[in-house]
Every structure is written in structure tokens, then in C-alpha cells.
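Me: I would like to learn how to read a structure of this kind feature by feature, with the terms explained as they come up. Could we go through one together?

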Amino acid sequence: MGDAGAYKDLGDAELLRSLKDGSMEAFNALYQRYWQPAYNAAFKRLNDPAAAQDVTQDFFLQLWNRRADLHILHLPAYIHTSVRNRVLNHLASQQRFLPMEDLFAESASGGEGADALARRNEWLKSYHALVDALPPGRQEIFRLRYNDGATPDEIAALLNISRKTVQNQLGKALARLRATLGAMCWSILP
């Protein structure tokens, strides 16, 4: 990335104003300041350096391309939300799993009644209680798979266990969750 010059010491609001006017130096200063936090946020969910880099680059490309139309009040919050949405889109395109909270947040953003929201919150509370009650090893495997999106092979390598053990633990965890939460799902999902 290019030189940020005198812009590197400016605050976010000043940089955003200059960015809106087409200043490449302001963009470079924002890029240097926020590339690593944006990448870290993407990597935390994807656990894939190349995919996290793609998501981060896409965020900055869109920041530049849409600079004249953006109305950003708090840049770190904007980055967090934008990167999260790009990660969710990436996971959906890869047909990987979305965290339950994100899935419900996505569907809730379209608007719904208070009853449906209360049922979803109740379901999420039950879901978290069940996951928390899993044996520690099974719980860790479950969270790596469904919260962090790691593949069974990645989990096996990370925990130094066999892929078959990962699959067995995931199967037991899912069977327990299905047995307890399965009936509730149909009353929650639209």
C-alpha cells in the first residue's frame, strides 16, 4: 500500500472526510491503521489466512469504491460489521455453517414480531445451556466446528486427535441437541 504521508497522524473523522474527497493518502492511512484489525476479525471466524485476506481486501476495495456515498460515524464499528457480513457471505458461499446468533440476527434484520423474537431468544438460551453442558472435550470440538467453522480435519490436527474421534464427538453432540431442541426449531423458524 502507498504512503500515508502527513495523513497518518489524523483522526478517523478527518481521514474519512478526506477519503470522501478522493484522497489516496487518507485511504492509505486508514488502510495502514485498520488492515490488521480487519484481517484479525475475519481470520477469527474463518481460520483461513487466504480467505481472511480476501475478505479484508474486499472490505478496503469497497471502502474506496463507495467512499463518496459512505456516512460512517464510528469507523471501528463499521469495520466490524462490514467484515462480519463479508465473512458470513463467504461462509454461505462455501456452504459452511453460520453461528446460530448470526443466523438469527440475519433473519431478524428483515423484521418480525415480538413473539417470534422472544421464541428465538428462548431457543438460543436453551441451545447455549445444552452446549455448555456438553463434556469439555466434546464442547470444544462442537464450538470449533459450528462457531469457528473449522473442518473435522482442521479440528483433528488442532487437537491432535483422529478425524474419526472428531466425527464421533460431533455426532453425539448433534444427537443430544436434536433430541432436545428439535421440536423447538419448527416453532421458531419462519
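Me: Where in the chain is the place of Asn160?

Reply: Helices (H or I, at least four residues) and strands (E, at least two) are DSSP runs, numbered from the N terminus, and in that scheme Asn160 sits in the loop between helix H8 (152-159) and helix H9 (163-188). Before going further, note that this is a predicted model, in which local features need pLDDT of at least 70 and side-chain atom pairs count only at pLDDT 80 or more, whereas totals for chains, interfaces and linings use all residues. Residues are numbered from 1 along each chain as its sequence is written, and side-chain values use heavy atoms, with hydrogens and water left out.

Me: What is the phi of Asn160, and is the residue buried or exposed?

Reply: Although Asn160 is not a glycine, its phi is positive, at about 60°. For accessibility, buried means under 20% relative accessible area, exposed over 50%, and partly exposed in between (1.4 Å probe, protein chains only); Asn160 is exposed because its relative accessible area is 70%. The loop between H8 and H9 also holds Ile161, which counts as partly exposed because its relative accessibility is 29%.

Me: Which residues does Ile161 touch, not counting those up to four places away in sequence?

Reply: Contact means heavy atoms within 4.5 Å, and by that criterion Ile161 touches Ile141, Ala156 and Val166, once residues up to four places away in sequence are set aside.

Me: Which loop holds Asn47, and what is its phi?

Reply: Asn47 lies in the loop between H2 and H3, and its phi is positive at about 50°, although Asn47 is not a glycine. Asn47 is partly exposed, because its relative accessible area is 35%.

Me: How should I read the confidence, and which helices have the lowest and the highest mean pLDDT?

Reply: pLDDT is the predictor's confidence in each residue, from 0 to 100. The mean pLDDT of the protein is 82, and 81% of its residues reach 70 or more. Among the elements, helix H5 (residues 100-108) has the lowest mean, 58, and helix H3 (residues 49-65) the highest, 93. Over residues 186-190 the pLDDT is below 50, and beyond near neighbours in sequence this stretch has seven contacts in the model.

Me: What does helix H3 offer as an example, starting from Gln53?

Reply: Gln53 is found in helix H3 and is partly exposed, because its relative accessible area is 38%. Leaving aside neighbours within four places in sequence, Gln53 is in contact with Trp35 and Tyr39, while the C-alpha atoms of Gln53 and Gln36, which are 17 residues apart along the chain, are separated by 9.8 Å. Helix H3 also contains Asp58, which counts as partly exposed because its relative accessibility is 31%; the C-alpha atoms of Asp58 and Arg86, 28 residues apart along the chain, are separated by 8.3 Å.

Me: Is Tyr146 buried or exposed?

Reply: Tyr146, which is found in helix H7 (residues 136-146), is buried because its relative accessible area is 14%. The C-alpha atoms of Tyr146 and Leu170 are separated by 9.7 Å, with their positions 24 residues apart along the chain counted as the separation.

Me: How many helices and strands does the protein have, and what share of its residues count as buried?

Reply: The secondary structure comes to nine helices and zero strands. Of the 190 residues, 35% count as buried. Among contacts between residues at least 6 apart in sequence, 55% join residues at least 24 apart.

Me: How is a pocket defined, and which residues lie nearest the centre of the second largest pocket?

Reply: On a 1 Å grid over the protein atoms alone, a pocket is an open set of points where a 1.4 Å probe fits, with protein on both sides within 12 Å along at least five of seven lines, and lining residues have an atom within 4 Å of a point. The second largest pocket is lined by ten residues, of which Ala41, Lys44, Arg45, His80 and Asn147 lie nearest its centre. The elements that give two or more residues to this lining are helix H2 (24-46) and helix H4 (75-93), and H4 gives the most, with four residues.
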